[in-house]
Amino acid sequence: MDTILVVDDEKNYLVVLEALLAPEGYEIITADNPEKALQLIRETDLDLVITDMKMPGISGMDILEEAKKINVDIPIIIMTAFGSIEMAVEAMKKHAYDYIEKPFKNEALKLTVKKALDNYRLIKENRLLSEALSDRYRFGNIIGKSRPMQEIYDMIKKVSQSKTSVLVTGESGTGKELIANAIHYNSPRKERPFISINCGALTETLLESELFGHERGAFTGAVAVKKGRFELADGGTLFLDEISETSPALQVKLLRVLQEMEFERVGGTRTIDVDVRILSASNRNLKDDVAKGLFREDLFYRLNVIHIEVPSLRERSEDIRLLANHFIDKYHAEKNGIKPELSPEVWKVLFNHNWPGNIRELENVIERAVVLNSGEIITAESLPGYLLKEEDEINIEKFLPSGAPLQKTLEQIEEQLIRRALKNCNNVQSHAADMIGITKSLFQHKMKKYNISV
Ligand SMILES: Nc1ncnc2c1ncn2[C@@H]1O[C@H](COP(=O)(O)OP(=O)(O)OP(=O)(O)O)[C@@H](O)[C@H]1O
Ligand SMILES: [Mg+2]
């Protein structure tokens, strides 16, 4: 719902404008003095300001300037007395959206208001789009504007210049391979090969010959010499994915190569030297594996000179909007037609899901929805059933003592939900309100109730 602030020292006009605009589906806030107006502009997430020009104390022009300082894009409609055209011209120069002369015709006012709001919506959409494209919000193919992602971008920039080993950890689907790629393609080795191997997908003997290669006749079926990935990656980067899955025997062999940068092919005696940068990844906590004796400590320290921990999507839910829009662009581009938008209900489902499969899961959900959808709006019907059936049933047995007082407990939960939504949305109140499915004004009301300021 769009929120409109109407400012006029003549209370009659406030009543008239509210009566005229509220039935159109707008939320109307009024101020009969400029000080109150400025305070509301600072504290409320507004979509439009309609202000009288001539008021005692601060003029409509001051309000215009002040509001533009807070939000340059917000549309402002100035009401001027009949005949004061110079003032109107002045206001337009200061980027008022439009002016309207008093007394105005109801239909003309409604139309101007609608145009201003439509225009503002477009500006906001374009901003979102250019945000998606802006370098601050992406690093190569990696998308994300949250603080932890910005820190990862900085880290990639720093570590790509050296040959240091980097261990990337994080849940499945968080983008570990994407990060390893970015490190290589930003490094001085970028013209040389980036070779990757999934240590979890091969048996021990196969993995060994894949890594180190083999001589002819090394084992049954070794009919020709085969170069291993270490040799293929010479001068470039070798990415050891799922490193936690290597056997103890192979861990010893890897340790030697990492220390000496030399090895022999399976079945061979000749020592081969290579110059390879090692990146590795795991979705397990390797340190725990070391503590449990499952992973060699000395190898762990070789691999983990620099550690990049990739946060799960639920820990950076403010990126959901950007990522979802990015994937809509990506999969829509493969289809013809108008770029679809997600319905508010779909956004709510996306914000509430806890994404165990992280970005891979989100990408799959959006791809499916774009493929299934044929209209301009993607509705909940295009989401997979498991997302819709999901009702977060709160297990009160687990969390609450049996004598928990109802009112106080509900309020505590409410306060925590509000705070978390704000945090996850970078303090953008309208996004936070969307996320937990209430209106912006109710959200702001609750912030006040719990003394939450941003
Ligand atoms: N930040 C991101 N921006 C855009 N796409 C992403 C991002 N993170 C992941 N993806 C996409 O999600 C998918 C999974 O990413 P990736 O393979 O790098 O994850 P992973 O952490 O290596 O997962 P796994 O542990 O399952 O191997 C890929 O299609 C990748 O392009
Ligand atoms: Mg991976």
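**Exercise 1. Find how many aromatic pairs the whole structure holds, then classify the pair of Phe194 and Phe239.**

Step 1. Searching the whole structure gives nine aromatic pairs. Rings of Phe, Tyr and Trp (its six-membered ring) pair if their centres lie within 6.5 Å; planes under 30 degrees apart count as stacked, over 60 as edge-to-face and the rest as tilted. Before going on, note that this is a predicted model, in which local features need pLDDT of at least 70, side-chain atom pairs count only at pLDDT 80 or more, and totals for chains, interfaces and linings use all residues. Side-chain values use heavy atoms, with hydrogens and water left out, and residues are numbered from 1 along each chain as its sequence is written.

Step 2. The ring centres of Phe194 and Phe239 are 6.1 Å apart and the planes meet at 20°, so this pair is stacked.

Step 3. Now place the two residues: Phe194 is in strand S9 (residues 194-198) and Phe239 in strand S12 (residues 237-241), so the pair ties together parts 45 residues apart in sequence. Strands (E, at least two residues) and helices (H or I, at least four) are DSSP runs, numbered from the N terminus.

Step 4. Both Phe194 and Phe239 are buried, where buried means under 20% relative accessible area, exposed over 50%, and partly exposed in between (1.4 Å probe, protein chains only). Ring pairs also join Tyr185, Phe194 and Phe239 into a cluster.

**Exercise 2. Work out the geometry and burial of the pair Phe230 and Phe263.**

Step 1. With 5.8 Å centre to centre and 45° between the planes, Phe230 and Phe263 form a tilted pair.

Step 2. Phe230 lies in helix H9 (residues 229-232) and Phe263 in strand S13 (residues 262-264), so the pair connects parts 33 residues apart in sequence.

Step 3. Check burial: Phe230 has a relative accessible area of 0% and is buried, and Phe263, at 2%, counts as buried too.

**Exercise 3. Locate two charges that sit over rings.**

Step 1. Apply the rule: NZ of Lys or CZ of Arg must be within 6 Å of the ring centre and within 35 degrees of the ring normal.

Step 2. The charged end of Lys102 sits over the ring of Tyr13, 3.9 Å from its centre. Arg321 lies over the face of Trp347, at 5.2 Å from the ring centre.

**Exercise 4. List what Leu350 touches.**

Step 1. Take contact as heavy atoms within 4.5 Å.

Step 2. Setting aside neighbours within four places in sequence, Leu350 contacts Ile320, Ala324, Leu342, Trp355, Leu362, Val365 and Ile366.

Terms used:
Chains lettered and ligands numbered in written order.
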